[in-house]
Protein chains: 2
Amino acid sequence: MTILDRWGEGVTATIYDVARHAGVSVATVSRVLNGLKVREDLVERVRETVLRLNYTPSRTAQRMRKSTSHLWALIVPDFENAFFTRVARGVEEICQPRDTCVFIGSSDDDPEKERRYLEVALAERVGGVVITPSSDTTDLTRIVSAGIPVVVVDRAVPNGAYDTILTDNMAGGRLGAEHLLGQNLRTVACVVGPENPTSQARLEGFLSAAKASPAIDIVRIERGNNRLDGGYRAMQRIIQSEARFDAVFVTNNLMAVGIIKALGDMLPERRNDIPVVGFDLDEIPLLSGACIASINQDPHEIGRIAGERILLQQAGTPPVCSIALRPTLVATAGLGYP
Amino acid sequence: MTILDRWGEGVTATIYDVARHAGVSVATVSRVLNGLKVREDLVERVRETVLRLNYTPSRTAQRMRKSTSHLWALIVPDFENAFFTRVARGVEEICQPRDTCVFIGSSDDDPEKERRYLEVALAERVGGVVITPSSDTTDLTRIVSAGIPVVVVDRAVPNGAYDTILTDNMAGGRLGAEHLLGQNLRTVACVVGPENPTSQARLEGFLSAAKASPAIDIVRIERGNNRLDGGYRAMQRIIQSEARFDAVFVTNNLMAVGIIKALGDMLPERRNDIPVVGFDLDEIPLLSGACIASINQDPHEIGRIAGERILLQQAGTPPVCSIALRPTLVATAGLGYP
DNA sequence: TTGAAAGCGCTAACAG
DNA sequence: CTGTTAGCGCTTTCAA
């Protein structure tokens, strides 16, 4: 009974089936498949048989023999966040030509969920892990000691010797302050995210550049939860404090949406006259009439570089590189459509 | 030389290492790991050794023996599109408790790229494939004949006998028309996507319900490319035609953004007085002052159901189910924040 | 219960 | 240049 007789039963041809049908040895089939030197007529026969039997080599079996894996893991806090899907795109751009796929796990900033995904990555013996750690306690040592390349993106691991790719957030904050100074806007309210390194660096950068002369007068600093409602409520508090301000600086994109909404609700007459400077504001300017400047990261590039570092590590380069990408500032005029 | 001597060289303990260190056979280790009956003290010894050696069973090897795979494939036209990341979430919700992961491929509506991802899914012998086909020519027969469960989502495959989960787009169109009728808006311009089943069904549904009495007067139907610029240009053409209209119906979310932008640019004084009815408008109403009604699909639910159908197929249920989810309409008032 | 041993599908020596 | 064969790490008979 050959593979052809078992057709339709949910079976797949194996390399033995191909060998038998083509009248050669499995080694020859393997060689043809891997492009090694084989007599021309045998190559022909094998190729024909592969097609006829619909043979697809099992990567699972391949992985057992070779040490390389065509599967990578990407573990991010939230794959519904456009920032991370763009990172994924960047990684994909590196994988795709190498016939490699990425499985994506969303840790939802839950260390336990993240741990499970790391466990899976290890169990699958993936070819590489690209991760945005959910917290400072993320343990990558097991992955590393299994010899799996790791690249950390977007957030650094404190005193971890990993390849790290992130945005120079302090430079981003400075960029924001310089923009406001250039526009002669000197009375500014700030909305800052939770006390994590990212928010802190953005704020610090802003504060340091705000100390120009003449300096920016920071009338108020409010904290928010990096989500829409946090931005809304922070803006509410600022407005209720009756502080005078002629621009807002915010360290996160979702909070910016909440801020714009709050301005529209509470100060409708000034709604479009208060510039908002924030991070990764993307298409917001298109929809709101507000005057907006966006300090943009380049997640796609972050993903690409991460992918390239994985490849380098696979080739033996030790993971000792830390790359900080400079963000760029785009003001409304440059974003409008068309 | 044991595994402990080779530490730090990028090696992983195998089941043999555990067996040797625990002084039992590999069969016993396997049994402990799989929760079969084993003498209590041996269980203890094995457990302890597993921890000490940092042993993680290789899923690759497991997959070679068992037929089940803890890896599924999700192939979508664009994983940067929030609709599909939400589908992914839904699928993940089903996978996660079963320790299963999803690798995501973006076909970018390119049949060749899609074919490659399907090839990978086959080569990896995944446990299931959830796919939004890029075109009518998508070939799923090889996957199926390999015995891999397949669920088609969002777009149906013509005369394909696959489990299919999608939105009742015709009902969505009807919902839009009924909403406008209820608001007494009877002079409407339509912007419709490319001639694919989705756009067509949405338009047909709209047209059929528009034939109420008194009927909706459809002053113009423009086609667009389902992207932002397509919506913008379609709206431009409508405005330039000088047709009178007091509402817009649009079959796609990105085009809605373009439309709102065009209204703002070309009819600033009426910008917030022309209601726009579209699909999956999500947070757009938050940002634009426009009056908006959104006909919402439930991508998360689509993903969940797809995941469940995969499980059922794995358990032997034949794939013969086609589910059309009813969308729901939400008007601006209900979407505002907070 | 436990252990020995036969594969799962493939690659890579090693012989011929 | 081709074929035979020994594993990769695991599960699962089959005996003991």
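**Close-up views of the chain A, chain B and DNA strand D model**

**View 1. Side-chain atoms at the bases and backbone of DNA strand D.** In the side chain of Arg65(A), an N or O atom is 2.4 Å from a base nitrogen of DNA strand D. The side chain of Arg65(B) has an N or O atom 3.0 Å from a base oxygen of DNA strand D. For Thr28(A), the side-chain N or O atom is 2.6 Å from a phosphate oxygen of the strand. This is a predicted model, in which local features need pLDDT of at least 70, side-chain atom pairs count only at pLDDT 80 or more, and totals for chains, interfaces and linings use all residues. Residues are numbered from 1 along each chain as its sequence is written, chains are lettered from A and ligands numbered from 1 in the order in which they are written, and side-chain values use heavy atoms, with hydrogens and water left out.

**View 2. The protein surface near DNA strand D.** DNA strand D is surrounded by 26 residues (a heavy atom within 4 Å of the strand). The closest are Arg31(A), Lys37(A), Arg65(A), Ile15(B) and Tyr55(B). Sugar or phosphate accounts for 55% of the strand's atoms within 4 Å of the protein, and bases for the rest.

**View 3. The interface between chain A and chain B.** Contact (heavy atoms within 4.5 Å) involves 59 residues of chain A and 59 residues of chain B. About 5600 Å² is buried between the two chains, 55% of it from carbon and sulfur atoms; this is the accessible area (1.4 Å probe) lost when the two parts are put together, summed over both.

**View 4. Salt bridges and polar contacts between the chains.** There are 14 salt bridges between chain A and chain B, each a side-chain nitrogen of Lys or Arg within 4 Å of a carboxyl oxygen of Asp or Glu. One of them joins Arg89(A) to Asp78(B), with an N to O distance of 3.1 Å. Residue pairs in polar contact between the chains number 27, both residues being at pLDDT 80 or more. A polar contact is a pair of N or O atoms within 3.5 Å; within protein, one must be able to donate a hydrogen and the other to accept it, and residues adjacent in sequence count only if both atoms are side-chain atoms.

**View 5. The axis relating the two copies.** A turn of 180 degrees and a shift of 0.0 Å along the axis lay chain A on chain B with an RMSD of 0.1 Å (least squares on C-alpha atoms of residues with pLDDT of at least 70 in both). The two copies are therefore related as by a two-fold rotation axis. Within chain A, Phe103(A) has the C-alpha nearest the axis, at 1.9 Å.
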